Amino acid sequence: MTGLETAFAALYTNLVEPGLLPIETLLERMSAGPARAYGIEPPRIAVGVPANLVLLDPNASWRVKEEGFRSRSANSWLLGQTLRSKIRLTVAAGRVAFAA
């Protein structure tokens, strides 16, 4: 999906950091909100439920570069921009799906 790799950092940099959107709202809109829209149970942390978690470093900054994309599409309106926050680890259905 085009933009998925930069979506959180772009929104964090342009909305959360300047104080236009609380971090809690961004997290809800990128996790529970889409789940509800697709009619699936929103992610939750509970005993016996496979983990769906993201480890985020809000203090990291990074420059968007074409060679850094993992998807097949390397075009982005963010190329060359410096963004704040970095996803360090993603656990989906109890398994590590991404580790930086």
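**View 1. A three-stranded open sheet in a predicted model.** Three strands, which are DSSP runs of E with at least two residues, numbered like helices from the N terminus, form an open sheet in the order S1-S2-S3 with antiparallel pairing, where two strands pair if DSSP finds at least two bridges between them. Strand S1 (53–63) and strand S3 (95–99) stand at the edges, each with a single partner strand, so one side of each is left without a neighbour in the sheet. Neighbouring strands of this sheet are turned against each other by 25° on average, direction ignored, with axes taken as lines fitted to C-alpha atoms, for helices over the stretch in contact, and angles running from 0 to 180 degrees between N-to-C directions. This is a predicted model, in which local features need pLDDT of at least 70 and side-chain atom pairs count only at pLDDT 80 or more, while totals for chains, interfaces and linings use all residues. Residues are numbered from 1 along each chain as its sequence is written, and side-chain values use heavy atoms, with hydrogens and water left out.

**View 2. Strand S2 and its two partners.** Eight bridges join S1 to S2, which run antiparallel, and in S2 the bridge partner of Arg63 is Thr82. Strand S2 (residues 82–92) is joined to S3 by four bridges, and these two strands also run antiparallel. S2 and S3 form a hairpin with two residues between them, and Ala93 in the turn has a positive phi of about 55°. Thr90 stands opposite Phe98 in S3.

**View 3. Helix H1 against the sheet, with Thr6.** Helix H1 (residues 4–16) packs on the sheet and touches S1 and S2, its direction making about 130° with that of S2; a helix here is a DSSP run of H or I with at least four residues, and contact means heavy atoms within 4.5 Å. Thr6 lies in helix H1, and because its relative accessibility is 4%, Thr6 counts as buried, a term that means under 20% relative accessible area with a 1.4 Å probe and protein chains only. Leaving aside residues up to four places away in sequence, Thr6 touches Trp62, Val64, Phe69, Ser76, Leu78 and Leu83.

**View 4. The largest pocket and its lining.** The largest pocket is lined by 40 residues, of which Leu4, Phe8, Val54, Ile87 and Thr90 lie nearest its centre. The elements that give two or more residues to this lining are H1, helix H3 (32–37), S1, S2 and S3. On a 1 Å grid over the protein atoms alone, a pocket is an open set of points where a 1.4 Å probe fits, with protein on both sides within 12 Å along at least five of seven lines, and lining residues have an atom within 4 Å of a point.

Key. Buried means under 20% relative accessible area, exposed over 50%, partly exposed in between (1.4 Å probe, protein chains only).
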